[in-house]
Amino acid sequence: MNGPVIVSSLENLPPSLAASVTPEEKAYLGTLGSGGRLPFSVTSHFASLAEPSGEDPVRRQFFPDPREEERTPWELDDPLGEACHRAAPRLIHQYRDRALLKTTGICAGYCRYCFRRVWMGTREGFIREDELKPVLEYLSAHPEIREILVSGGDPLTAGDKQLGGLFGELRRARPGILLRICSRIPVVLPSRITSELIALFREWRPLRMVVHLNHPRELAPQILSVFAALIDAGIPVHVQTVLLKGINDSPELLAELFRECADLGLTPYYLFQGDLAPGTAHFRVPLEAGLAIYRHLRKLVSGLALPVYAVDLPGGGGKIPLHDRSIAGERRTPRGPEYLLRGPDGSLWSYPKET
Ligand code: SF4
């Protein structure tokens, strides 16, 4: 495709997609530069996978929707409660043996359901030396941390030199620490996964990739060769998927996605229940419907192709696998009906019954 690699205005969208934009969408798009809102940006590759319909499952993932302005009483700026576990300004230490580093607030394209959409709206750039220093000090002082999630935003928006420098610093602070690279770039910008980047990954093993992938249509031919190259280089690739209403909330479609992933040598890892990020209710599948989808999915795929269905308990309770026994009870509140979910330590956490 000719034109810019990253599209952030209507004029640069493929003409048929631009023609499908409604006046309401266009008006909403015009507001995104202000108020810390999640920007509009999509790679030309990902846009080329979309059909010109407001219901298209690829288009809906990246095209701004005026419903993002609607906020439910359950939604939180920090839905995972990361602030409760902040060990340094960019470092989250919630689980004993692993920590998460927010390397950047930039992505190649912005997913409209993003759980860190408020942080992404700050458009923080790649971690600076003065921000990295306390992270390294913390890692040095906490030998129980065996794994670092190199996350963001999307860390692969940084250049190879920046990434190599970061990996080196992390390993100097904690020799042997496992690097887990969390990225959507292999799917939205496959040309970024160059042989040089793969060589860098090889150099810094042990290193694993966790790739965010939601729909079988995202498995375009360019992406298949990227995954093959990563696997040939000895880089394990895991897949995380967000359960999204009207996009992938069908057991058959998810079965197709996870079977294809397994056939490619990727490991389906997590299927996430939607987080309570502001303005994302139109993407969330009600919990009860999600459980029914997962029950059906289990019958359709082998264990090798079955991810864990999980939710991050809103407000900082941590990640729990979801199954019928996860629901400890339900109650009516002034906000509406909600479920009580049991956290890893037995404590109870609320999650809305509807969306
Ligand atoms: S790639 Fe991840 S961090 Fe970036 S917008 Fe999408 S969900 Fe958010």
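How do the residues of the shell around the ligand divide into nonpolar, polar and charged? I looked this up and got four nonpolar, two polar and one charged. The classes I used: Ala, Val, Leu, Ile, Met, Phe, Trp, Tyr, Cys and Pro are nonpolar, Asp, Glu, Lys and Arg charged, and the others, Gly among them, polar.

Note to self: this is a predicted model, where local features need pLDDT of at least 70, side-chain atom pairs count only at pLDDT 80 or more, and totals for chains, interfaces and linings use all residues. Numbering runs from 1 along each chain as its sequence is written, and side-chain values use heavy atoms, with hydrogens and water left out.

Next I listed the shell itself (a heavy atom within 4 Å of the ligand). I found Cys107, Tyr110, Cys111, Cys114, Gly153, Arg184 and His212 there.

With those cysteines in view, I checked for disulfides (cysteine sulfur atoms within 2.5 Å). The structure holds zero. Cys261 is in none, and its nearest cysteine sulfur, on Cys111, sits 16 Å away.

Is Cys261 buried or exposed? Cys261 is buried, as its relative accessible area is 0%. I also looked at Cys114, which counts as buried because its relative accessibility is 15%. My cut-offs were under 20% for buried, over 50% for exposed and partly exposed in between, with a 1.4 Å probe and protein chains only.

Last, the whole chain. I got 56% of its 355 residues as buried. The C-alpha trace spans about 55 × 50 × 45 Å along its principal axes.
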